[in-house]
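Good morning. I will take a few residues one at a time and say where each sits and what each does with its side chain or backbone. Please look at the screen.

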Amino acid sequence: MDNREQIVHGDEGLPIAVYDVTPAHIRYHMNVHWHPEHEILHVRRGSLCLRLNDVCYELHAGDVMFLPGGAIHSGEPECCDYTCVLVNLPLLMKTGDACMEL
């Protein structure tokens, strides 16, 4: 079974995507998935039981977790608000970028 998330996060103009997740969000309960983008997850309120590559982490308000691209992960929130920042490095490092040496 392939649990790759089919969403492309970011684009060539801005290779970063930010998601603020609250109980009203459609993906509040994070199903098992993976994606090639790196992710930074910040718990703003409540707690989140995060499973990352078969290891469980109990995150609380103020905690930050780095999830490397390709990591299988899921999460079960408890009265939680959290932010996910996904960084699409291949788009960020494209040749011809204004920040790249010519």
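Let me begin with Val-18, which has a relative accessibility of 52%. The cut-off for exposed is over 50%, so Val-18 counts as exposed. This is a predicted model, so please keep that in mind throughout. Val-18 is found in strand E1. Together with Leu-14 and Ile-16, Val-18 forms a nonpolar patch on the surface. The accessible area of Leu-14, Ile-16 and Val-18 together is about 270 Å².

Next, the charged pairs. How many salt bridges does the structure hold? There are two. As background, side chains of opposite charge can pair when their charged atoms come close.

One salt bridge joins the side chains of Arg-44 and Asp-20, with a distance of 3.3 Å from N to O. Arg-44 is in strand E3, which covers residues 38-52, and Asp-20 is in strand E1, residues 16-21. The two residues are 24 apart along the chain, and the pair links distant parts of it. Strand E1 has come up already, as the strand where Val-18 is found. Arg-44 has a relative accessibility of 33% and counts as partly exposed.

The other pair is Asp-81 with Arg-45, and here the closest N and O atoms are 3.1 Å apart. Which parts of the chain does this pair tie together? Asp-81 lies in strand E6, residues 73-87, while Arg-45 lies in strand E3, so the salt bridge ties together parts that are 36 residues apart in sequence.

Is Asp-81 buried or exposed? Its relative accessible area is 16%, and the limit for buried is under 20%, so Asp-81 is buried. Its partner Arg-45 has a relative accessible area of 39% and is partly exposed.

Last, the loop between E3 and strand E4, where E4 covers 55-60. Asn-53 lies in this loop, and Asp-54 lies there as well. Asn-53 has a positive phi of about 50°, although it is not a glycine. Asp-54 is not a glycine either, and its phi is positive too, at about 70°. As for accessibility, Asn-53 is at 43% and counts as partly exposed, whereas Asp-54 is at 69% and counts as exposed.

To go back over the pairs: Arg-44 meets Asp-20, and Asp-81 meets Arg-45. That is my part, and I will take questions now.

How values were computed:
Residues are numbered from 1 along each chain as its sequence is written. This is a predicted model: local features need pLDDT of at least 70, side-chain atom pairs count only at pLDDT 80 or more; totals for chains, interfaces and linings use all residues. Side-chain values use heavy atoms; hydrogens and water are left out. A salt bridge is a side-chain nitrogen of Lys or Arg within 4 Å of a carboxyl oxygen of Asp or Glu. Helices (H or I, at least four residues) and strands (E, at least two) are DSSP runs, numbered from the N terminus. Buried means under 20% relative accessible area, exposed over 50%, partly exposed in between (1.4 Å probe, protein chains only). Patches are made of residues with over 30% relative accessible area and no salt bridge: like charges are joined within 9 Å, nonpolar side chains (Val, Leu, Ile, Met, Phe, Trp, Tyr) within 5 Å. Accessible areas come from the Shrake-Rupley method with a 1.4 Å probe; for residues, only the protein chains shown count as cover.
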